[in-house]
Amino acid sequence: MLITIAGVPAHPLLVHAVVVLIPLAALGAVCLAVRPAWIRPYGLLVAAGALAGAVAATLAKLAGDQLEAAIDVTAEFAPVIAQHGQFGLFTMVAAWPFAVLAIVVAALSRRPSGSGIRLVGALSAVSGLVAITFTVLAGHSGSDAVWGYVAG
């Protein structure tokens, strides 16, 4: 069964949420790591964006697997799809630790002591950059799979 939204396969629609939410949340995490004073007012917003990005990455991966099963993949196209699927998996796997760390940063900002917040904030920023890297790789390989024949 293929998940669709208004008759369109859900995967290409869901990836748009991933490529917006993960980089924005990661940029926010970097800003919070550089400016810890911003954690209290903006930490929850960054955490929400990171969590939404991780959920979107998971849904996009599931919808992508369904889409792959629903189409006829030629032998020459199979490696391209396989590589895109791997990058999609890596994106999903990288997005969850980022989301958890962003949530921990937001939670620590609500505690009176706020101890360890700088370290967790730095870890959140680094994990966000890793998630961006895999998001870009997955997005590029997917766009190349769909549009590569047009440019090539």
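Me: Which helix is V55 found in?

Reply: V55 is found in α2; helices here are DSSP runs of H or I, at least four residues long, numbered from the N terminus. Keep in mind that this is a predicted model, where local features need pLDDT of at least 70, side-chain atom pairs count only at 80 or more, and totals for chains, interfaces and linings use all residues. Residues are numbered from 1 along each chain as its sequence is written, and side-chain values use heavy atoms, without hydrogens and water.

Me: Why does V55 count as partly exposed?

Reply: Buried means under 20% relative accessible area and exposed over 50%, with partly exposed in between (1.4 Å probe, protein chains only). V55 counts as partly exposed because its relative accessibility is 37%.

Me: Which residues of α1 are buried?

Reply: In α1, they are A10, H11, L14, V18, I22, A25, A26, G28, A29 and L32.

Me: How is empty space found, and how much lies in the largest pocket?

Reply: Rolling a probe the size of a water molecule over the atoms shows where empty space is left. On a 1 Å grid over the protein atoms alone, a pocket is an open set of points where a 1.4 Å probe fits, with protein on both sides within 12 Å along at least five of seven lines; lining residues have an atom within 4 Å of a point. A volume is the space filled by probe spheres set on the points, which are joined across faces, edges and corners. Here the largest pocket holds about 680 Å³. It has 28 lining residues, and H11, V15, H84, A138 and G142 are the closest to its centre.

Me: Which helix gives the most to that lining?

Reply: That is α4, with eight residues.

Key:
Helices (H or I, at least four residues) and strands (E, at least two) are DSSP runs, numbered from the N terminus.
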